[in-house]
Amino acid sequence: MNNAERADPTTHFDVEAVRQDFPILHQQVNGHPLVYLDNAATTQKPRAVIDAISDYYLYDNSNVHRGAHALAERATAKFEGARETVAQFLNAPGREQILWTRGTTESVNLVAHSWGRTELKPGDRILVSAMEHHSNIVPWQMIAEATGARVEAIPVDKTGTLDMEAFESKLKEGRVRMVSVGHVSNALGTVNPIEQIIQAAHEAGALVMIDGAQAVSHWPVDVQALDCDFYAFSAHKLFGPTGIGVLYGRRELLEAMPPYQGGGEMIQHVSFEGTSFGPLPYKFEAGTPDIAGAIGLAAAIDYVNGLDRAAAVAYERVLLAYAEEKAQATEGVTLVGTAAHKVSVLSFLVEGTHPNDLGFLLDQQGVAVRTGNHCAEPIMEQYGIPGTVRASFSFYNTFDEVDRLFEALDKARQFF
Ligand code: 7TS
């Protein structure tokens with residue numbers, strides 16, 4: 001059976017056509033056609049994104065907001081247009097609620113330091129889940145240390161599902177000021193019930209930050225429907241460039257928060273007697289921004305919006321189910337992360353092998369996966385494992401590639 005025949009006929013997703021948009025996928029690695037299954041680490045870039053970045057440098061390069069010439073005007077229009085594209089993508093009420101950061105990591109740091117430094121008092125509590133990426137743990141620990149607040153983990157069960165009862169009882173204990181959770185776990189693929197989390201946290205008087213790093217590439221996100229206070233993601237996990245990301249924030253919170261960094265661009269007036277800060281979003285954007293990055297991200301969003309997203313979502317679901325079935329049918333393979341609601345991630349262990357050795361042997365056969373703790377050490381420790389082999393899928397992956405993964409695994413195991 002070929003890929004088209006195996007795809008769920010209800011999905012109508014033309015994966016072969018989509019693959020033509022991603023030049024990098026069509027190469028040999030270690031003498032084999034590349035099978036790229038490391039999409040949770042970073043996604044590949046369609047030609048439209050690469051062209052948008054190179055066109056900007058070829059024709060429009062200039063600094064933004066300050067130049068009195070045609071190139072500066074063009075660069076500023078593209079840069080601010082990109083912010084509008086992101087605002088629409090997240091359904092944010094206003095473009096000034098979209099802040100450019102270096103990525104999800106910096107977005108969490110911005111909220112932890114700017115909001116946390118002014119708002120947190122000794123004894124206040126910050127809840128994160130036990131399956132968070134380090135970037136949604138460590139910034140909170142740093143600000144907790146500085147303010148006397150406490151970071152606590154919402155427990156996660158054996159399957160990788162958040163314990164909502166434990167969460168609700170933690171909220172009832174009081175003094176929870178912030179709940180910061182991942183929309184999707186990068187290590188396990190669990191999709192967290194964030195609507196329920198946001199509602200319960202708000203009822204308890206806490207704010208909610210959502211780490212959307214692993215979610216935005218898989219389905220549309222609507223921050224107003226979610227009613228979250230902050231939402232963060234990285235462009236590079238959404239088919240855009242590295243080095244740029246987004247923080248969405250509720251307007252009244254952003255207005256009340258002090259700047260995160262000082263410098264040019266973020267001020268209204270500077271004197272040695274006192275400095276006043278610019279309006280949103282500039283108050284949070286000190287220095288020359290990543291102009292090409294913002295333009296690249298907007299091109300990535302335009303690209304994604306041009307796909308039949310419902311079909312892509314359905315296709316990815318069927319592809320993951322196919323991979324899970326194959327894993328379950330393979331002797332000695334144990335899945336890590338078997339929550340009822342999952343996306344994209346197949347994390348697993350193979351009896352008698354170390355994940356890092358397997359990763360190496362898969363790479364020798366052209367299959368790119370990630371191995372290790374996936375920057376989620378606490379959940380690996382809970383499971384008593386050093387890490388996993390992680391294959392993570394995007395809509396440009398195929399059923400044939402899933403077969404290649406399992407064939408490569410079979411061959412790799414012959415070494416042990
Ligand atoms: N949050 C989650 C859920 C992530 O998966 C990652 C990166 C981050 C935050 C940090 O994003 P950054 O762009 O600021 O670095 N996750 C991974 C991964 O799973 N493999 O490599 C990076």
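This is a chat about the ligand site, the sheets and two backbone oddities in a predicted model.

Me: Before I start, what kind of model is this, and what pLDDT do local features need?
Reply: It's a predicted model, where local features need pLDDT of at least 70, side-chain atom pairs count only at pLDDT 80 or more, and totals for chains, interfaces and linings use all residues. Residues are numbered from 1 along each chain as its sequence is written, and side-chain values use heavy atoms, with hydrogens and water left out.

Me: OK, the ligand. Which residues come nearest?
Reply: Thr105, Asp211, Ser234, Arg370 and Arg390, out of 17 residues around the ligand. A residue counts as near if one of its heavy atoms lies within 4 Å of the molecule.

Me: And which side chains have an N or O atom close to a ligand nitrogen?
Reply: Arginine 370 has a polar side-chain atom 2.4 Å from a nitrogen atom of the ligand. For lysine 237, a side-chain N or O atom is 2.9 Å from a ligand nitrogen, and for histidine 133 that distance is 3.4 Å. A polar contact here is a pair of N or O atoms within 3.5 Å; within protein, one must be able to donate a hydrogen and the other to accept it, and residues adjacent in sequence count only if both atoms are side-chain atoms.

Me: How much of the ligand does the protein bury?
Reply: 86% of the 490 Å² that the ligand exposes when taken alone. Those areas come from the Shrake-Rupley method with a 1.4 Å probe; for residues, only the protein chains shown count as cover.

Me: What's the shell made of, by class?
Reply: Four nonpolar, nine polar and four charged residues. Ala, Val, Leu, Ile, Met, Phe, Trp, Tyr, Cys and Pro count as nonpolar, Asp, Glu, Lys and Arg as charged, and the others, Gly among them, as polar.

Me: Where does the ligand lie relative to the domains?
Reply: Between domain 1 (3-42 + 308-415) and domain 2 (50-305), because both give residues to the shell. The domain bounds come from an automatic or database domain assignment.

Me: Switching to sheets. What's the order in the seven-stranded one?
Reply: That open sheet runs 4-10-9-8-7-5-6, with mixed pairing. Its edge strands are strand 4 (98-101) and strand 6 (150-154), each pairing on one side only. The twist averages 20 degrees from one strand to the next, using lines fitted to C-alpha atoms as axes (for helices, over the stretch in contact), with angles from 0 to 180 degrees between N-to-C directions.

Me: How do strands 8 and 9 run?
Reply: Strand 8 (residues 207-211) and strand 9 (residues 230-234) run parallel, joined by three bridges. Isoleucine 210 stands opposite tyrosine 231 in strand 9. Two strands pair if DSSP finds at least two bridges between them; strands (E, at least two residues) and helices (H or I, at least four) are DSSP runs, numbered from the N terminus.

Me: And the four-stranded sheet, what's its order?
Reply: 13-14-17-16, open and with antiparallel pairing. Strand 13 (333-335) and strand 16 (370-372) are the edges.

Me: What lies between strand 11 and strand 12?
Reply: Two residues, in a hairpin. Strand 11 (residues 267-271) and strand 12 (residues 274-277) pair in the antiparallel sense over four bridges, and valine 270 stands opposite threonine 275.

Me: Last one: where is the cis peptide bond?
Reply: It joins leucine 280 and proline 281, with omega about 0 degrees. Proline 281 is in the loop between strand 12 and helix 11 (291-305). Aspartate 227 is worth a look too, with a positive phi of about 65 degrees although it is not a glycine. Most residues other than glycine have a negative phi, and most peptide bonds are trans.
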